[in-house]
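Biologist: I would like to learn how to read a model of this kind, beginning with an annotated span and ending with single side chains. Could we take it step by step?

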Amino acid sequence: MSNKLYILTEHDDVYRTLIQEKSLPQLDIVDDPTQANIVLGSPPMAQAQFEQFKQLEWLQAIYAGVDALCIKPLPERQYTLTNVKDIFGPQIAEYVLGYCIEHFRHFTLYHAQQQSKLWQPHLYQGLANKRMVILGCGSIASHLARTAKAFQLHTIGINSTGIPPKDSPFNDVFHISELHSALNQADIVVNTLPSTPETVEILNRNSLSQCQKALLFNVGRGSAINESDLVWAIENQYITHAYLDVFKQEPLDDDILWFHPKITVTPHIAALSFPYQVVEIFVENYQLWLDGYSLKFEVDLEKGY
């Protein structure tokens, strides 16, 4: 009996072509969601159409974040949810370290000076020996820490156990209860945490006020930051500049964030799900599915990650 795959993404034609090229056994791509026992999709799009998945057994998300599919109460229908991992680390590292270099080396300032033919050098700082506090110790955070080490940054990971991950690239790992102590010594703060009840507004007036003129990056989930508290922290010089790629509401409609001179807004592009990479994960998982094995990157629906 063949499996029925329904594709629900912003780039259905691209995914369809890539999957057809793989000639996967016992797999038919269908246009009717009610026939599908497997869905390859965007979590927000899948959540909006979930009631149509009458025969769903496995949903392969095309993103790392699956918040939309973990909203309580969870659906009664039992199914396996998997996401994608191990493909976003390089992109996140480029985003964070790229902006860090731009900030400390004054590249934006020099570009502005060029428009006025102004030859004016400025003292700058390198990244070496600065302290980067990374909220989260998962695959993205670990790749960032590993890359940061090449710039001689001292990295501190924050997680819920205080135990370093296997083959930890972090110089130190702190328990989440030690967040304030970590933030107090941070030159750079990077949030990579998933959205859970425990991480909602973890960066608020109380925690942000522990910072000492740090750079702040949010490449995790918008819910992690109390946005009005962030503006307060910037105005009170706890945060020097914030680079925000994710927001509580997207597209962003908050004029204060859009136009604040010490906030850089990007439209959720720090790390994209490239279809060819997602399909490679889907293909590997599909073979495991056929063989009756556990799938890679299975999500605990109760935890949300």
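Modeller: We should keep in mind that this is a predicted model. A useful start is a span and its ends: for residues 98–270 the end C-alpha atoms lie 11 Å apart, and the span is 30% helix and 19% strand. The UniProt record, in an unreviewed entry, lists residues 98–270 as "domain: D-isomer specific 2-hydroxyacid dehydrogenase NAD-binding", and such annotations may be inferred rather than shown by experiment.

Biologist: How many helices and strands does the chain have, and how does its radius of gyration stand against the globule rule?

Modeller: There are ten helices and twelve strands in the chain. Its radius of gyration is 21 Å, close to the 19 Å that the globule rule gives for 305 residues, so the chain is as compact as a globular protein of that length. Along the principal axes, the C-alpha atoms fill a box of roughly 70 × 45 × 40 Å. Of the 305 residues, 47% count as buried, and among contacts between residues at least 6 apart in sequence, 60% join residues at least 24 apart.

Biologist: Is T155 buried or exposed, and which residues does T155 touch beyond those up to four places away in sequence?

Modeller: Burial is read from relative accessible area, and the cut-off for buried is under 20%. T155, which lies in strand β7 (residues 154–159), has a relative accessible area of 0% and is therefore buried. Leaving aside residues up to four places away in sequence, T155 touches M132, A145, A148, P169, F170, N171 and D172.

Biologist: Which residues make the nonpolar surface patch, and where is F274 found?

Modeller: I269, L272, F274 and Y276 make a nonpolar patch of about 360 Å² on the surface. F274 is found in the loop between β12 (263–265) and α10 (275–291), and with a relative accessible area of 34% it is partly exposed.

Biologist: How many salt bridges does the structure hold, and what does the pair of D229 and R205 tie together?

Modeller: The structure holds seven salt bridges. For a salt bridge, one looks for a side-chain nitrogen of Lys or Arg within 4 Å of a carboxyl oxygen of Asp or Glu. The side chains of D229 and R205 meet in this way, at 3.9 Å from N to O. D229 lies in helix α8 (residues 227–235) and R205 in helix α7 (residues 205–208), so the pair ties together parts that are 24 residues apart in sequence. D229 is buried, at 12% relative accessible area, whereas R205, at 39%, counts as partly exposed.

Technical notes: Residues are numbered from 1 along each chain as its sequence is written. This is a predicted model: local features need pLDDT of at least 70, side-chain atom pairs count only at pLDDT 80 or more; totals for chains, interfaces and linings use all residues. Side-chain values use heavy atoms; hydrogens and water are left out. Helices (H or I, at least four residues) and strands (E, at least two) are DSSP runs, numbered from the N terminus. Patches are made of residues with over 30% relative accessible area and no salt bridge: like charges are joined within 9 Å, nonpolar side chains (Val, Leu, Ile, Met, Phe, Trp, Tyr) within 5 Å. Accessible areas come from the Shrake-Rupley method with a 1.4 Å probe; for residues, only the protein chains shown count as cover. Buried means under 20% relative accessible area, exposed over 50%, partly exposed in between (1.4 Å probe, protein chains only). The radius of gyration is taken over C-alpha atoms; the globule rule is 2.2 Å times the number of residues to the power 0.38. Contact means heavy atoms within 4.5 Å.
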